[in-house]
Amino acid sequence: MGTATRQVQSRLSGETNFTVPPDEVVFGQSEAMRIVRQKLEKVAGANIPVLLQGESGTGKEIIAKLIHRRSPWETGPFVKVNCPAIPGTLVESELFGYEKGAFTGANGTKPGRVEMAQNGTLFLDEIAELEMGLQAKLLQLLQDGQFCPIGAQEDKRIDVRVVCATNRNLEEEIDQGSFRQDLYYRINVVNIQLPSLRERTTDIPYIADFLRQAYSEKFNRPTQALSARRLDMMQRYHWPGNIRELENMMKRFVILGSEDAIAIDLSSGNANSSSFLPDVPVNGSISLKKVTRQATREFEKKIILKTLQTHNWNRKRAASALNISYRALLYKLKEAGVPGRKVSEPRN
Ligand SMILES: Nc1ncnc2c1ncn2[C@@H]1O[C@H](COP(=O)(O)OP(=O)(O)OP(=O)(O)O)[C@@H](O)[C@H]1O
Ligand SMILES: [Mg+2]
C-alpha cells in the first residue's frame, strides 16, 4: 500500500491517530497558505487557544491536526468534538462527563471528551453550534482550566490545548445574541483564516494530483494525470465546496475513469463558461425581453443553488446570505422547481 493511500484511508476511517497529506500538498505554493503556515508554526508550541475560520471544506480539521502534531503535546490525545453531530441533550455529558447517580441511568462515572483530551488537544468543531449554557461552561474551562462533570461535587482541573473551528461569522452570531462575546475573546486569542480554494488557484493542480493518485491506489484504478485543459478549467472554477468538493470530484474521476465525468461540474458554475448563455436560437426572431427574463431566472437559480451548497443546504442561512427573506427563498425555489435539499449532493 502506498503512502498516499494510507494517508487517505486513515483520514476516511476517522482515526484520531491520523496522517495528513504532506506539507507540500496542505500548504502548496500560494501566498494565502504561506501566511497560514507561518502563523501555525508560531502558535503550535504555545498553549494558547486557536480559532480556525474558513468556508466549509477548506481544511480546518487538517490544520487543527497539524497544530496538535507540532505542539509539545503531540504524544497526547487529539480529541475532536463535532458539536452539531451530538444530540442537544447529550452534549453536556459528552463534553464534560458525569458522576454516578447524576441522572437516571447514570450507573457509573463517565469521563467526558474534555477529560479525555488531558495533556493533549481538544478540537471543538463548529463551535457556533454550542448552546449558550455550555458556552458558559467552556468559558470556565478556558479561564481557569476547570470544569464540573454533571452531578460532581467539585470542579476538576485539566491541562488541555483548545482549538476551535467554525465556518460561521462569530461576530454576527454575537450581534444576534447566539454567541457569547466573552467566550469569543477567549477562543480567539489567535485566529487563523483559511483561504477558500478559489483564493489559492495555484495550489489546485498539486492537491488534485495528490487526491487522484491516492484514490487511484485506494480503488485500484489506474488513472492518467489530468490534462492541462482540464486543470485550466479547474483553476477557473469557483469551488463552493472547496477541497471537499475537489476530493469528491477526484473520486468520481477515478471511479468513472474519464475526464468527461467531471466536465459538467466544472462548466456548471464557471463564470467564464458559455453555459451562462441561455439556450435560444440567435439566428431567427427572438424576444429580447423574454430571453433576458429567462437568463435572469437561470442566473438567479444558479446563485441560489451555489449559496445553498455553501451553507450545507440550510435554507435559513442561505436566505440571510442572499439578503432575501426566508419566505422569498422558498418561493423562488418552488418557482424554479428545486427541492430544499439536493438529494444527490455528496455529503461527508
Ligand atoms: N491540502 C489538502 N490536500 C488534500 N486533501 C485535503 C487538503 N485539505 C483538506 N483536505 C481534505 O478535504 C476534506 C475537507 O477538509 P476538512 O474536513 O479539514 O475541512 P473543514 O474546513 O473542516 O470542512 P467543514 O467546514 O466542512 O467541516 C477532507 O476530506 C480533507 O481530508
Ligand atoms: Mg470540519
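The legends below describe close-up views of a predicted model.

**View 1. The residues around ligand 1.** Among the 19 residues that surround ligand 1, those that come nearest are Ser-56, Gly-59, Lys-60, Glu-61 and Ile-243. Sorted by the character of their side chains, the residues of this shell comprise eight nonpolar, six polar and five charged ones.

**View 2. Helices and domains that form the shell of ligand 1.** At least two residues of the shell are supplied by each of the helices α2 (23–27), α4 (60–69), α10 (204–218) and α12 (242–256). Because domain 1 (31–194) and domain 2 (199–335) both give residues to the shell, ligand 1 lies between them.

**View 3. The open sheet of five strands.** The strands follow the order β2-β3-β6-β1-β7, and their pairing is parallel. At the edges stand β2 (78–82) and β7 (190–193), each of which has a single partner strand, so one side of each is left without a neighbour in the sheet. From one strand to the next, the twist averages 20 degrees.

**View 4. The pairing of β2 with β3.** In general, the strands of a sheet pair through backbone hydrogen bonds, in either a parallel or an antiparallel manner. Here β2 and β3 (residues 121–125) run parallel and are joined by five bridges. Looking at a single residue, which residue in β3 is the bridge partner of Phe-78? The partner is Thr-121.

**View 5. Helix α3 against the sheet.** Helix α3 (residues 31–43) packs on the sheet, where it touches both β1 (50–53) and β7. The direction of helix α3 makes an angle of about 150 degrees with that of β7.

Terms used:
Residues numbered from 1 in each chain as written. Chains lettered and ligands numbered in written order. Predicted model: local features only at pLDDT ≥ 70, side-chain atom pairs only at ≥ 80, totals over all residues. Near = placed C-beta within 6 Å. Helix = DSSP H or I, 4+ residues; strand = E, 2+ residues; numbered from the N terminus. Nonpolar A, V, L, I, M, F, W, Y, C, P; charged D, E, K, R; others polar. Domains from an automatic or database assignment. Pairing = 2+ DSSP bridges. Axes fitted to C-alpha atoms, helices over the stretch in contact; angles between N-to-C directions. Contact = placed C-beta atoms within 7 Å.
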